[in-house]
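Welcome, and thanks for taking a look at this one. Let's walk through a sheet and then an interface together.

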Amino acid sequence: MDERIQRSLYNYFKKNGIKNFVGVPDSTMKFFIEQGLSEKNVIIATREEEAIGIGTGFILSKSPTLVFMQNAGFGNSISTITSLVQLYNIPLIFLIGWRGYLKNDAPEHLGFGKIQNELLELLSLQYKVITKLNWKKSCEWAIKNTKKGNPCVLIIRREHDE
Amino acid sequence: MNRKEAIQAIVGEIGTDPIVSANGYISRDLYEVSDRKENFYMIGSMGLASSIALGVAIKNPKIKVYVFDGDGNILMNLGSLATIGNLKPKNLIHIVFDNHVHESTGGQPTNTKKIHLEKISKSVNFTVTKISTKQRLVQTIKKFNKMSGPIMLVVQIQKSKKISSRVGIKPDIIHQRFKESINN
């Protein structure tokens, strides 16, 4: 996803009421994170479950929140998603970097990249893959979900292999 | 002093300030001692009580936010202490009930017999107190009103003989009433 759209993603969320951005970095969305950091509006957690915990505290304080992470970190968080996010119905927006989307991505990305969407379906977590054309609609969908009280996931694809 | 006695002593001093309590016997004891809408019973997601409380503390700087944690629990999320120490919320009071064991899974040992949580938390910007008697516990909690956080209180406790009942409130209700209890 190109730099301009990544920065627009952050700005769009911010403009539309998402107050907090907390997560673990991913180069797949580095411009998105950079945009938030430049406004001193990002908390970098030590790992993904911690980010979800902090985000839950924000939600409990009635403050809409997005958590971002690599798909590997989403894998780390599965038990927290079932026993905190879904059990208590915490309407976080997840932004997950799809490492291993390209067949020629780094070998350590491929295994999780393959099972990521099936895992999301198994968890019954609603998700959308962001593209150049649908990003604004996808953000609107995510904001609508969080307002309704439902957690949901946006996937950002890794379209480079450096 | 066992955990339930310690919890009773603390809750008696803190009015309606919110508490995020860790899974296992800590939430169960709190539920039996004093069920209040300001309690967030975290019945799963071991390790995350301090992270949830950090989020609440950042958004509600005018009230004190308490974490009721265990030694096994915080050892599962030590990174949380570093994040809290970095963000330095003045209103966060992190209480660890330390019995050196994972009591609810059968009493298996944790690392805190040989490594010291008070030293770890001190090195990441917490103001630290360690106590083991009920009298000192009450005195210490009273002093927190005048102190600036993040505060770490390690309470040495004995294993309990009686087990408290499970939290009898649905998680969604725990969420809703906690949220409504905070007037931010």
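A quick definition helps here: two strands count as paired if DSSP finds at least two bridges between them. Please keep in mind that this is a predicted model. With that in hand, chain A shows an open sheet of 6 strands, and chain B meets chain A through 25 residues in contact with 21 residues of chain A.

**The sheet in chain A**
- Reading across the sheet, the strand order is β2-β1-β3-β4-β6-β5 (chain A), and the pairing is parallel.
- At the edges sit β2 (42–44) and β5 (127–129) of chain A, each of which pairs on one side only.
- On average, neighbouring strands of this sheet are turned by 20 degrees against each other, direction ignored.

**A look at one strand pair**
- Strand β1 (residues 20–23) of chain A runs parallel to β2(A), and 3 bridges join the two.
- Within this region, F21(A) stands opposite V42(A), a residue of β2(A).

**A helix on the sheet**
- Helix α7 (residues 135–148) of chain A packs on the sheet and touches β4 (93–98), β5 and β6 (152–157) of chain A.
- The direction of α7(A) makes about 155 degrees with that of β6(A).

**Where chain B touches chain A**
- The contact between the chains involves 25 residues of chain B and 21 residues of chain A.
- On the chain B side, α3 (49–59), α5 (79–87) and α8 (171–181) of chain B each supply at least two residues.
- The largest share of that side, 7 residues, comes from α3(B).
- By residue type, the side of chain B that touches chain A divides into 11 nonpolar, 11 polar and 3 charged residues.

Note on methods: Residues are numbered from 1 along each chain as its sequence is written. Chains are lettered from A and ligands numbered from 1 in the order in which they are written. This is a predicted model: local features need pLDDT of at least 70, side-chain atom pairs count only at pLDDT 80 or more; totals for chains, interfaces and linings use all residues. Two residues are in contact if their C-beta atoms, placed from the backbone, lie within 7 Å. Helices (H or I, at least four residues) and strands (E, at least two) are DSSP runs, numbered from the N terminus. Ala, Val, Leu, Ile, Met, Phe, Trp, Tyr, Cys and Pro count as nonpolar, Asp, Glu, Lys and Arg as charged, and the others, Gly among them, as polar. Axes are lines fitted to C-alpha atoms, for helices over the stretch in contact, and angles run from 0 to 180 degrees between N-to-C directions.
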